[in-house]
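User: Hi! I'd like to learn how the helices in this structure are described. Could you walk me through it?

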Amino acid sequence: MAELRFFFGTMGSGKSTQALQIRHNIAARGLSVILTTQLDRQAGKVSSRLGVAAEAEIVDHDVDLFALARSAYNKGGLHAMVCDEAQFYEPRQIDQLSRVVDELDVEVYAFGLLTSFQGELFPGTKRLLELADVRSELQVEARCWCGARATHNARLVNGVQVYSGALKVVGDTAIDEPEEAPEVTYDLRCRRHWHEGLRQRQGDQLELLDERDDAPALKAQTQQEQEPANT
Ligand SMILES: [Zn+2]
């Protein structure tokens, strides 16, 4: 019996690489497979580092994934669907994927981020956790600058971590002067350091609380923050 499998991890945990590998392995056996993705047009780095788009179906919000799969199934059979960037899919599209498994007996491998830069589940991810037969965290050595395992994605606007804004940043917003457009980047953090920017924003009052608690350790680590984040 087919299963709906959800693989999740932070950015840089190799989701797209795994998705491409699974697709390749299935196709190499002569079986039919559909690869889907959800492109982020922003130059950030949520997607497309591996050029998945070139050979993938783009999942717009109005795409019916069950109809897509059924069409391929009726034409010549379908063995599996491999779905990248699944955190951006609509919850109803995740339901459609579960129908692909249950009604067509087609394997579905979905890959996505667990939480957004706001530290909360993406709607598509939430639905995947609710419906998947198998939920698996990718164990890749993604690290915070401090060396701890990175579990959170931080969004930086002109180098400063932000906690609010659109869930998905799209590139072509109406800004007349391109050079004035803020630079949006993403970085990996452990939970502690993902929270740290928020606490700094909350000002002196929280800092006073920190003095009472584990301030020395926190201060010492903060001084290392100049180190480049990537390894
Ligand atoms: Zn850290």
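User: How do you know that the length of H3 agrees with its number of residues?

Analyst: Happy to help, and do keep in mind that this is a predicted model. H3 has 14 residues, and at 1.5 Å a residue they should span 20 Å. The C-alpha atoms at its ends are 20 Å apart, so the two values agree.

User: What puts the buried residues of H3 on the same side?

Analyst: The residues in question are Gln93, Ile94, Gln96, Leu97, Val100 and Val101. Around the axis they cover an arc of only 155°, which puts them on the same side of H3. A general rule helps here: an α-helix has 3.6 residues a turn, so residues three or four places apart point the same way. Among the elements covering these buried residues of H3 are S1, H2 and H4.

User: Why are H2 and H3 called roughly parallel?

Analyst: Their axes cross at roughly 30°, and angles under 35 degrees count as roughly parallel, so H2 and H3 earn that name. The axes come within 7 Å. Residues making the contact include Leu65 and Phe66 of H2 and Leu97 and Val100 of H3. By class, this contact has seven nonpolar, two polar and two charged residues.

User: What about H4: which of its residues are buried, and what do they pack against?

Analyst: In H4, Gly124, Thr125, Arg127 and Leu128 are buried. Their arc around the axis is only 160°, which puts them on the same side of H4. The buried residues of H4 pack against S1, H3 and S5.

Methods
Residues are numbered from 1 along each chain as its sequence is written. This is a predicted model: local features need pLDDT of at least 70, side-chain atom pairs count only at pLDDT 80 or more; totals for chains, interfaces and linings use all residues. Axes are lines fitted to C-alpha atoms, for helices over the stretch in contact, and angles run from 0 to 180 degrees between N-to-C directions. Helices (H or I, at least four residues) and strands (E, at least two) are DSSP runs, numbered from the N terminus. Angles under 35 degrees count as roughly parallel, over 145 as roughly antiparallel, 65 to 115 as roughly perpendicular and the rest as oblique. Two residues are in contact if their C-beta atoms, placed from the backbone, lie within 7 Å. Ala, Val, Leu, Ile, Met, Phe, Trp, Tyr, Cys and Pro count as nonpolar, Asp, Glu, Lys and Arg as charged, and the others, Gly among them, as polar. A residue is buried if 20 or more other C-beta atoms lie within 10 Å of its own, exposed if 12 or fewer, and partly exposed in between; C-beta atoms are placed from the backbone. The arc is that of the directions from the helix axis to the C-beta atoms. The expected span of a helix is 1.5 Å times one less than its number of residues.
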